[in-house]
There are 2 protein chains.
Amino acid sequence: MSKSVEPRGIATVPDVAREAGVSTATAARALGGYGSVRESTRERVLAAAEQLGYRANSLARSMITGSTRTLGVVVSDIENPFFRRSLRGIADTARAQGFEVLLANTDEELDKEETAVRLMTERRVDGLVVCPADGGDRSHLREVIAAGIPVVLLDRSVAGLQADTVGIDNRKAARAATEHLLANGHREIAILTGGTPTMLERMLRPDMRGVERASATTVGARAAGFRDAMTAAGVPIRPELISSGGYRREDGEAETARLLALDDRPTAILAFDAMQSLGAFHAIARAGIRCPQDVSLLGFDDTEWADVVSPALTVVAQPAYEIGVAACRLLLSRIEGAGGAVAHRRLPTELIERGSVGPWLAT
Amino acid sequence: MSKSVEPRGIATVPDVAREAGVSTATAARALGGYGSVRESTRERVLAAAEQLGYRANSLARSMITGSTRTLGVVVSDIENPFFRRSLRGIADTARAQGFEVLLANTDEELDKEETAVRLMTERRVDGLVVCPADGGDRSHLREVIAAGIPVVLLDRSVAGLQADTVGIDNRKAARAATEHLLANGHREIAILTGGTPTMLERMLRPDMRGVERASATTVGARAAGFRDAMTAAGVPIRPELISSGGYRREDGEAETARLLALDDRPTAILAFDAMQSLGAFHAIARAGIRCPQDVSLLGFDDTEWADVVSPALTVVAQPAYEIGVAACRLLLSRIEGAGGAVAHRRLPTELIERGSVGPWLAT
DNA sequence: CTGAAAGCGCTAACAA
DNA sequence: TTGTTAGCGCTTTCAG
């Protein structure tokens with residue numbers, strides 16, 4: 001009675017093998033597409049599988065092969081214009097190679113990042129794309145790398161971590177952006193960084209100590225680029241024009257309102273990301289201040305709405321999608337065993353001039 | 001010699017057990033947090049694990065327990081304002097319960113959806129949130145459900161599929177939006193649907209045949225709501241004002257340009273999603289037509305930029321984040337074994353009046 | 001509370 | 001080409 005009973009639940013390789021009248025090894029070979037199986041046998045096995053509604057169990061397969069064909073992606077917030085576009089690039093590239101993507105948001109919180117990375121490594125992802133949150137000793141990433149799991153850092157780098165990185169040259173891009181404002185006659189330039197005060201203090205100290213450490217972060221590097229340009233032009237940096245209030249739109253809005261209320265308000269604002277640009281834009285409009293006549297705005301990241309607002313936003317466009325693609329490609333090549341030194345891919349940015357930056361005529 | 005050799009590669013339960021001087025069963029109990037282990041023993045095991053750098057292997061665990069604590073999310077495009085916000089809701093809810101999210105984009109292509117669903121079920125996800133692409137027989141979803149894997153449909157429903165759904169009442173929302181335009185005196189109202197011509201023909205045929213089938217899709221249901229309002233008001237629908245050109249911003253832009261070039265152009269445009277609103281907005285501005293004086297615009301989905309453009313956009317706001325949360329909660333409850341009839345959660349929408357809809361004074 | 005042994009579904013030698 | 005057999009790393013009876 002127990003021998004002729006119908007298999008309960010989902011069909012397995014032995015079930016299919018029995019149905020097709022072959023051994024489990026042969027059935028597995030036909031089903032898994034490896035080894036060699038006579039064409040007629042394969043067809044028989046496939047037919048049996050079809051009939052039984054067989055579905056491969058990736059878990060069992062992965063346990064043996066040691067590969068899950070799954071990538072982990074850990075970013076601060078998939079709703080952010082830069083990350084959502086990068087993620088699309090990663091996902092498209094992964095899918096084209098038959099890889100799936102496991103996703104996690106960290107909101108820049110280190111413990112969420114650690115948990116996400118642990119959970120993903122426990123699920124035995126073949127590799128990770130991580131945009132590391134600031135702070136901490138990054139031992140969780142170090143351990144992953146030590147365990148031989150390839151990690152590619154997105155957008156940011158971590159000093160002393162032996163991981164590939166893909167992004168832009170933040171310092172150079174910020175310097176170019178600042179120079180564009182300087183070339184337009186601006187001297188009172190504010191930056192909307194989103195970073196923490198401590199990081200910026202370290203970054204902007206006149207003695208330049210701590211530059212190396214801070215410039216490993218995106219915000220730090222951009223602040224450094226800003227200072228490079230200001231210093232080169234001999235324009236003093238006013239501390240109260242350095243904003244550091246968080247990465248959300250409301251943060252940018254509140255900080256801009258503060259800047260605009262200053263007695264000696266800035267004539268130009270450089271926003272370090274798209275959500276802050278948007279907040280700044282809104283704050284300027286609400287304050288009834290004209291852009292670009294009264295204040296110019298230059299933001300990082302080109303978005304779907306940048307050319308629709310009025311005036312259209314002048315931006316430093318990052319090739320976010322391509323950065324995702326490059327990060328994924330690099331990760332896949334490491335997974336396939338590509339050796340060699342740690343790579344740091346820097347993709348080009350583009351300053352797209354639209355209407356939000358205007359000349360400032362010396363008063 | 002082979003007995004005292006150091007374990008190669010990553011430490012496993014037997015390695016930890018040996019180090020702690022206990023059986024694999026006890027070590028596994030301490031590590032996995034199940035069964036009962038004396039406190040002192042647990043500490044010893046945990047210390048050994050720590051020392052060996054032990055990392056649990058979720059694959060092996062899942063094979064036995066039958067649970068991966070992983071959810072699959074299949075949407076058309078994570079960059080879309082509605083989906084990215086919903087996805088965030090799903091991800092946050094999943095993380096709070098210790099679940100991970102496997103993500104896939106389909107671009108509304110059925111074969112990508114089928115592949116994604118197959119890959120995810122092979123990876124033994126505990127459940128799926130799917131925004132099903134239009135068309136096909138949906139047998140891939142039927143099979144998943146038949147296999148006992150819970151599926152929650154997001155945003156759309158599929159006629160005849162025994163799956164829970166979470167979204168809004170599209171027909172009602174579109175009707176309310178249309179009524180808002182009618183109340184403002186508009187009679188020549190165009191809709192930017194994004195859908196296919198065939199679907200819309202079926203939807204808008206005067207005899208109403210095919211309504212049931214078409215209204216299962218989001219676009220179909222919204223078109224139905226539009227017709228409901230127009231019919232109730234006794235206002236004829238002009239076929240050339242029904243646009244169907246794809247869901248991207250450029251599609252909305254091109255279609256709006258076409259509409260505005262019409263001899264008898266519409267006085268109001270109702271866009272079925274955010275990217276089309278954005279395209280319409282841009283097309284209106286480029287045509288040098290004033291909004292809302294010359295043409296009113298009403299769009300679905302509230303976005304980060306809706307109140308920043310000028311005029312600010314009047315929209316039908318969907319609670320996208322909450323929809324994601326609700327979908328995830330429902331899915332988790334099914335995974336936990338909650339039975340009962342198929343549920344259809346409809347969350348409330350809100351018409352947010354800003355500046356893009358104005359009164360039309362009869363000429 | 002702890003241990004021995006069986007086995008989840010699959011692949012990978014090794015033989016035949 | 002096909003079959004036999006031995007596990008992957010873990011959980012889970014069932015004894016003790």
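In this predicted model, a search for enclosed spaces turns up three cavities of 30 Å³ or more. The largest cavity holds about 210 Å³ of space. Its lining is made up of 15 residues, and those nearest the centre come from both chains: Leu59(A) and Arg123(A) from chain A, with Leu59(B), Thr70(B) and Arg123(B) from chain B. Two elements give two or more residues each to this lining, namely helix H4 (58–65) of chain A and helix H4 (58–65) of chain B. As for what kinds of residues face the space, the lining of the largest cavity splits into eight polar, five nonpolar and two charged residues.

Next comes the second largest cavity, with a volume of about 110 Å³. Here 13 residues form the lining, and the ones nearest the centre are Leu103(A) and Ala104(A) along with Ala91(B), Arg95(B) and Glu100(B). On the chain A side, strand E2 (100–105) and helix H6 (110–122) each give two or more residues to this lining, while chain B does so through helix H5 (81–96) and strand E2 (100–105). H6(A) supplies the largest share, with four residues. Sorted by class, the lining of the second largest cavity has seven nonpolar, four charged and two polar residues.

Stepping back to the layout of chain A, the chain is divided into domain 1 (13–64), domain 2 (68–168 + 320–347) and domain 3 (170–317). Domain 2 is thus written as two stretches of the chain, 68–168 and 320–347. Taken over C-alpha atoms, the centres of domain 1 and domain 3 of chain A are separated by 60 Å.

Terms used:
Residues are numbered from 1 along each chain as its sequence is written. Chains are lettered from A and ligands numbered from 1 in the order in which they are written. This is a predicted model: local features need pLDDT of at least 70, side-chain atom pairs count only at pLDDT 80 or more; totals for chains, interfaces and linings use all residues. Side-chain values use heavy atoms; hydrogens and water are left out. Domain bounds come from an automatic or database domain assignment. On a 1 Å grid over the protein atoms alone, a cavity is a set of points where a 1.4 Å probe fits but cannot get out, and a pocket is an open set with protein on both sides within 12 Å along at least five of seven lines; lining residues have an atom within 4 Å of a point. Grid points are joined across faces, edges and corners, and a volume is the space filled by probe spheres set on the points. Ala, Val, Leu, Ile, Met, Phe, Trp, Tyr, Cys and Pro count as nonpolar, Asp, Glu, Lys and Arg as charged, and the others, Gly among them, as polar.
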